[in-house]
Amino acid sequence: MTTPILLEQGFNGLQLGMILFLMAVGVTLVFGIMDTINLSHGSLLMFGGYFIVGAVELTGSYGLGLVLALFATALLSVIVEILVMRPLYRRGHLDQVLATFGLILFFNELAVMIWGRAPLYLSVPAFLDGPIDLFGLAYPAYRFAITAVAAAVGSGLYLLIGRTRTGMLIRAGADKRVVVEMMGVNITRLYTLIFALGSVLAGLAGIMVVPLVSVQPAMGDPILITTLVVVIIGGIGSIRGALVGGLLVGVLDTFGRILFPVYFGTGTGSALANMTIYILMAAVLLWRPRGLFPATAG
Amino acid sequence: MRKLFLAALLCAAPLVQASAEELRLGFISILSGQLALLGEEQKRGFDVALEELGGKVGGVETKVFVADNKGNPGDAVQEATKLIDRDKVQIVTGFAASHTTMAALKPLLAAEVISVGANAGPSPLAGKGCNKNWFSTGFHNDQWDMAMGQYMTQKGLKRVYFMGMDYQAGWDHVKAAIREFKGEKAGEVYTPIAQMDFSAELTQLRAAKPDAVFVFYVGPNAVAFLKQYTQAGLAKTIPLYSMGAISDPLLYKAQGDAALGLVTTEAWNTELDNPANKKFVAAFRKKFGRDPTGYAARQYDAVMLIDSAVRQVKGNLADKDALRAALRKGDFQSVRGDFRFNTNQYPILNVYVQEVSKRANGEMYQKLTGVVVKDIKDPDYVNCKM
Amino acid sequence: MVDRREWPIILVLAALALAVPLLGDTYYTKFATRVAIYGMAALSVDILLGYAGLVSFGHAAFYGVGAYATGMLINAGVASGFVVLPAAVIAAAVAALVIGALSLRTTGLYFIMITLAFAQMLYYVAQSLRAYGGTDGFALDGRVTLGGVLKPTDATSFYYLCLAFLALVLFLCARFLKAEFGVVLRGARDNAVRIEAIGFPAYRYRLVAFAISGAIAGLAGALMANLNQYVAPPGMLNWEVSGELLVMVIFGAAGTLLGPIVGAAVFLFFADILSGLTEHWMIIFGPILLLRVLFVKDGLYALLQKAMAR
């Protein structure tokens, strides 16, 4: 593999990793702070995708559509949090798994009923169409933009969690819920905020991914599984872990897909490529059972 | 609880008695899941045909049973079993994709139910596995791609990179093109059906520096691949060839201008000049407001074939041998012009070249640019001992 | 062995189960066969869930291993049920031993995720088997034969065979779950530290339970492969299958033996009947599941038990 190709695949892995990072934040925060598993997180990616398509068609502008879609995702997530998640916080993990599994089934069918089964499309915003020159190679501008946006979001999160009062409360909420409550903070609203934050990030991931692959019912489910793997590798409750885990998985998956078939033939090669991240997860769990960067948020 | 449930079941299931005056026609296809748009389009062709026949296939009252195999071989088996046991169908049509077709045919052929496939023609059933009850009116998976392989050779291309979806149909289509292409194979890559992001594969493709690329992608994967191919700047430098399913009226809206100029091969085109095709295209446009795709056209043909056969046996569906003989004759007005079966009950076809273009009113369509090969036979029929 | 007051329910269910083929329609018989098979698979999940307190989100793996082992052997020419079925069960048990040995080192959310991950891995392994159709899977050449007793295409005799296996599994589970083994398992679920203090190695007991559970799921998979005469990754090894088994357990009642089977019947009933009414039946089913989890404390079978106790 030549250096430019290596570089380009590296960028591909980075882009995938950043999308996974956006997805993982929501899952890891909800796991870590509310001790709740939410399988329907992938559905929020799907809805983000549908919302941007609808919003752009409605307003004719990508920028306006983006704002609308993010807002709609936030609204949807708040409704879900109040109706479904709140009763689940106190329940056992089995109940959470089953209830959110039921949500997935419901959401996927809802998408079919509203938007139909055919994939919906969105074109890349005109100014990002086509390749840009990246260290001498022609790399799709849009993919680069995705990586840049996700990185910006990541930095924003770091500042939010590390430098603001809300962030401090989020971190505290992970450790000592009772203490935070005694401080007079409305823990219910804090949980809603955390859930909405994670969901909007998932929606953003969906919004950004649509022009690449289009949006269709149930598209979030396979991404959900990969996200769970990222969270386990990175460590439950850790945003840093979500970033490292996401990048690790993104890069390994990208290179694995290409290299394994070359060395092991198409059949075994692609199987190994798909297995890579699970083997990694199993290894991490056995060596560091709590993930690479466990414990509190941030 | 069990009692209530059984009682409910008894009420829900009809007490079935197959009468010679009634045709129980099954339609099994992919009506949900990733490839649902194929099945839905087949159903449209089915509906247009049924409407034209006034709901009476072969002049006989027809009861239609629709089954959704969810794009899943396991479900295909279960749905086919339901069609046989619960609905007691005499003929089944539909059959969108190779893997679900192979699965559904297991119980169907075991129960000797006449099955008329309207789309995919899996290669295992064209050779040693051929069966007197299986009629593939659509095509054999190899045919269009064999033609494309020949076309690419005719064009003088030296190195071609091949990509496709990782399942029976993908292997069939891609390997057929490779077989007929006499130049150098620059690469052969299969991606999982579920994979929609081709960034890594496109990078490798670019690294291989081929003269052209041949792909087999359908439905949502076709949309995704084409868009990413264009965004990576590859569309301008490396021409893309495929078979008809990569871009058609179902996908134009999603693919946009990225699809313009795509050269593909297919055994049918809206512009084919024969009375049956003109009637069909007009009827479809009237009902759905756009050009039909090949899925609808082939399903229309399948229904018309069944219609002709039932007419020939004068509605006597109990005489299966006569019915099969009538089907084998293929004596009906096909939208593809002359239609005839090979000895393995797969069709012998003309394959055309078409290019995605725009009409004066901005509507995208498949422009018929020529004939690649006439009367192409699939390679497996020699192994069929029927 | 079983609570006296439960006998009426058991007898009624057994009578109904035996009577199904008398209805004369293969459709019902095949439906009941699927209930029996899925019921067995759901039961295997319940052994871990209801008794050991372990939520396995990856039982599709063992179900699939049993199915694939069956398909591979039959297509290789080995048609005798006396070889194929035990082989499938052993293969699934071995897979469960390996996966269990690794997974049981974790608890809670981690356990759920790691079992899911291993199942996904096996899905991809199956998908890579080109010789066996990859993601399309492959058709079986026939069903297992049992020394001339079983007629391959006869739905009724196959149904009774599955019922027999189900009864056998129920009997064996009842025995070892009511015995010391089950007591230790539940003790470990309630308070692992205390059970270890008394001298019972919780890990080892759980591992044995996991292996047995996997073996039973493997048997179910083997029987399903025979029923459908088709084996493929989607529909057998995908994570939705693991989810569906959990749903069946919860619908029926966790912690009971017949509960999962009732749950399987309810689930399949919904799927079949609802899907006949509308293609969008999931929009009804999803919320039903949600409501069941949020508002109804007991599964159907537990409700039946309570009704009998009054």
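This is a guided tour of a predicted model, moving from the contacts between chains to helix pairs, one helix end and a few single residues.

**Chain C against chain A**

Begin by displaying chains A and C together and selecting the residues where they meet, a contact that takes 35 residues from chain C and 37 residues from chain A. On the chain C side, colour α5 (108-127), α10 (239-252) and α12 (282-295), each of which supplies at least two residues to the side that touches chain A. Of the elements on this side of chain C, α5(C) gives the most, with 12 residues. If you then colour the side of chain C that touches chain A by residue class, you will find 25 nonpolar residues, eight polar ones and two charged ones.

**Chain A against chain B**

Next, hide chain C and bring up chain B beside chain A, where the contact takes 27 residues from chain A and 26 residues from chain B. On the side of chain A that touches chain B, the elements giving two or more residues are α1 (3-34), β2 (137-140), α5 (141-163), α8 (187-213) and α10 (239-264) of chain A. The largest share of that side, five residues, comes from α1(A). By class, the side of chain A that touches chain B divides into 13 nonpolar, 10 polar and four charged residues.

**A helix pair in chain A**

Staying with chain A, select residues 41-59, which form helix α2, and residues 93-115, which form helix α4; their axes come within 10 Å and cross at roughly 15°. Since angles under 35 degrees count as roughly parallel, that crossing makes α2(A) roughly parallel to α4(A). The crossing of α2(A) and α4(A) is left-handed. To see the contact itself, show A:Ser43, A:Met46 and A:Tyr50 in α2(A), which meet A:Leu103, A:Ile104, A:Phe107, A:Ala111 and A:Trp115 in α4(A). The residues of this contact comprise seven nonpolar, one polar and no charged.

**A helix pair in chain B**

Now turn to chain B and select helix α3 (residues 73-85) with helix α4 (residues 98-110), which pack at an angle of about 35° with their axes 8 Å apart. The crossing of α3(B) and α4(B) is right-handed. From α3(B), the contact is made by B:Pro73, B:Ala76, B:Val77, B:Glu79, B:Ala80, B:Thr81 and B:Ile84. Facing them from α4(B) in this contact are B:His99, B:Thr100, B:Ala103, B:Ala104, B:Lys106, B:Pro107 and B:Leu108. The contact of α3(B) with α4(B) is made up of nine nonpolar, three polar and two charged residues.

**Helix α13 of chain B**

Still in chain B, select residues 320-329, helix α13, and then pick out its buried residues, B:Leu323, B:Ala326 and B:Leu327. They cover an arc of only 100° around the axis, which puts them on the same side of α13(B). To see what covers these buried residues, add β5 (114-117), β6 (134-136) and α12 (294-312) of chain B, which are included in the cover. Follow the chain beyond α13(B) to B:Gly330, whose phi is positive, near 60°.

**Two positive phi values in chain C**

Return to chain C and centre on C:Gln229, which has a positive phi of about 50° although it is not a glycine. C:Gln229 sits in the loop between α9 (202-228) and β2 (230-231) of chain C, and it counts as buried, with 21 C-beta neighbours inside 10 Å. Then move to C:Ala253, a residue other than glycine whose phi is likewise positive, near 135°. C:Ala253 lies in the loop between α10 and α11 (259-277) of chain C, and with 23 C-beta neighbours inside 10 Å it counts as buried.

**Two single residues in helices of chain C**

Select C:Ala209, found in helix α9 of chain C, which is buried, with 25 other C-beta atoms within 10 Å. Not counting residues up to four places away in sequence, C:Ala209 touches C:Ile47, C:Leu48, C:Ala52 and C:Leu185.

Finally, select C:Phe176 in helix α6 (residues 155-178) of chain C, a partly exposed residue with 15 other C-beta atoms within 10 Å. Leaving aside its neighbours within four places in sequence, C:Phe176 is in contact with C:Phe181 and C:Gly182. For a last distance to check in the viewer, C:Phe176 and C:Phe295 are 33 Å apart, C-alpha to C-alpha, and 119 residues apart in sequence.

Conventions
Residues numbered from 1 in each chain as written. Chains lettered and ligands numbered in written order. Predicted model: local features only at pLDDT ≥ 70, side-chain atom pairs only at ≥ 80, totals over all residues. Contact = placed C-beta atoms within 7 Å. Helix = DSSP H or I, 4+ residues; strand = E, 2+ residues; numbered from the N terminus. Nonpolar A, V, L, I, M, F, W, Y, C, P; charged D, E, K, R; others polar. Buried ≥ 20, exposed ≤ 12 C-beta atoms within 10 Å, placed from the backbone. Arc of directions from axis to C-beta. Axes fitted to C-alpha atoms, helices over the stretch in contact; angles between N-to-C directions. Left-handed = near helix turned anticlockwise from the far one by under 90°. Parallel < 35°, antiparallel > 145°, perpendicular 65-115°, else oblique.
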